[in-house]
Amino acid sequence: MQVSWEQITALASVIGVFGGLISVGFLIYEVRRNAQAIEGATVQSLMTLEAQVFSVLAEQAELYVRGSAEAAQLTAVDRFKFQELVAVVMSLTYSAYVQHQQRLIDDEVWEAYVNAMFLRLEKPGFRMGWRDIETGYPKSFRDIINNRLAVGAAAANPKA
């Protein structure tokens, strides 16, 4: 059997297509692995920041507990310090928000940060502290926080 140039060209084209498909498959695999690595690094970075926030809160535990219960009863100096503690917590949440918006963390991780933040916002003093500093954050972030607060308030007071 004699092979013509047309047959050789056709065979080379088929082999080229298979090679291209294998290359595309490998590229997809590598992009997914890279995305997972980036998400893992982002979560690790947030966890490191979270540990720092918890350390600051633990160092200022007495003020944080008093302020969360009733910020209005604090002295002017303590209220300033308490607002900074609230800002530390909210900045952690904002960092998670930015990472979520950039699709560097998934919905489940973002939801964990939101849930933790709203446990804090249930305390009247913390909520007051948020109101004092909220304009320091972008409107999109404030809207998420304030809309969720409004839903929580409506659920807590259904007759209003």
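Which residues of the largest nonpolar core touch the most other members? The views below, all from a predicted model, start there.

**View 1. The largest nonpolar core and its best-connected members.** This core holds 31 residues. Met90, Leu121, Phe126, Trp130 and Ile145 touch the most other members. Two or more residues come from each of α1, α2 (61-70), α3, α4, α5 (124-133) and α6. Helix α3 gives the most, with 9 residues. In soluble globular proteins, nonpolar side chains tend to be buried together.

**View 2. Methionine 90 and its contacts.** Residues up to four places away in sequence are not counted here. Beyond them, methionine 90 touches Met117, Phe126, Trp130, Ile133, Tyr137, Phe141 and Ile145. Among these partners, Phe126, Trp130 and Ile145 are also listed with Met90 as touching the most other core members.

**View 3. Tyrosine 94 against phenylalanine 141.** The whole structure contains 10 aromatic pairs. One of them joins tyrosine 94 and phenylalanine 141 edge-to-face. The centres lie 5.1 Å apart, with 75° between the planes. This pair links distant parts of the chain, 47 residues apart. Tyrosine 94 sits in helix α3 (residues 76-101), phenylalanine 141 in helix α6 (residues 139-156). Is each ring buried or exposed? Tyrosine 94 counts as partly exposed because its relative accessibility is 25%. Phenylalanine 141 counts as buried because its value is 0%.

**View 4. Tyrosine 97 against tryptophan 110.** This aromatic pair is tilted. Centre to centre it spans 5.8 Å, and the planes make an angle of 55°. Tyrosine 97 belongs to helix α3 and tryptophan 110 to helix α4 (residues 107-121), so the pair ties together parts 13 residues apart in sequence. Both tyrosine 97 and tryptophan 110 are buried.

**View 5. The aromatic cluster.** Ring pairs join Tyr94, Tyr97, Trp110, Trp130, Tyr137 and Phe141 into a cluster. Members of the cluster that methionine 90 touches include Trp130, Tyr137 and Phe141. Trp130 is also one of the core residues that touch the most other members.

**View 6. A nonpolar patch on the surface.** Which residues make this patch? Val14, Val17, Phe18 and Leu21 do, over about 400 Å². Phenylalanine 18 is placed in helix α1 (residues 5-59). Phenylalanine 18 counts as exposed because its relative accessibility is 53%, and the cut-off for exposed is over 50%.

Definitions and conventions: Residues are numbered from 1 along each chain as its sequence is written. This is a predicted model: local features need pLDDT of at least 70, side-chain atom pairs count only at pLDDT 80 or more; totals for chains, interfaces and linings use all residues. Side-chain values use heavy atoms; hydrogens and water are left out. Patches are made of residues with over 30% relative accessible area and no salt bridge: like charges are joined within 9 Å, nonpolar side chains (Val, Leu, Ile, Met, Phe, Trp, Tyr) within 5 Å. Accessible areas come from the Shrake-Rupley method with a 1.4 Å probe; for residues, only the protein chains shown count as cover. A salt bridge is a side-chain nitrogen of Lys or Arg within 4 Å of a carboxyl oxygen of Asp or Glu. Helices (H or I, at least four residues) and strands (E, at least two) are DSSP runs, numbered from the N terminus. Buried means under 20% relative accessible area, exposed over 50%, partly exposed in between (1.4 Å probe, protein chains only). Rings of Phe, Tyr and Trp (its six-membered ring) pair if their centres lie within 6.5 Å; planes under 30 degrees apart count as stacked, over 60 as edge-to-face and the rest as tilted. A nonpolar core is a set of buried Ala, Val, Leu, Ile, Met, Phe, Trp, Tyr and Cys residues joined through side-chain atoms within 4.5 Å. Contact means heavy atoms within 4.5 Å.
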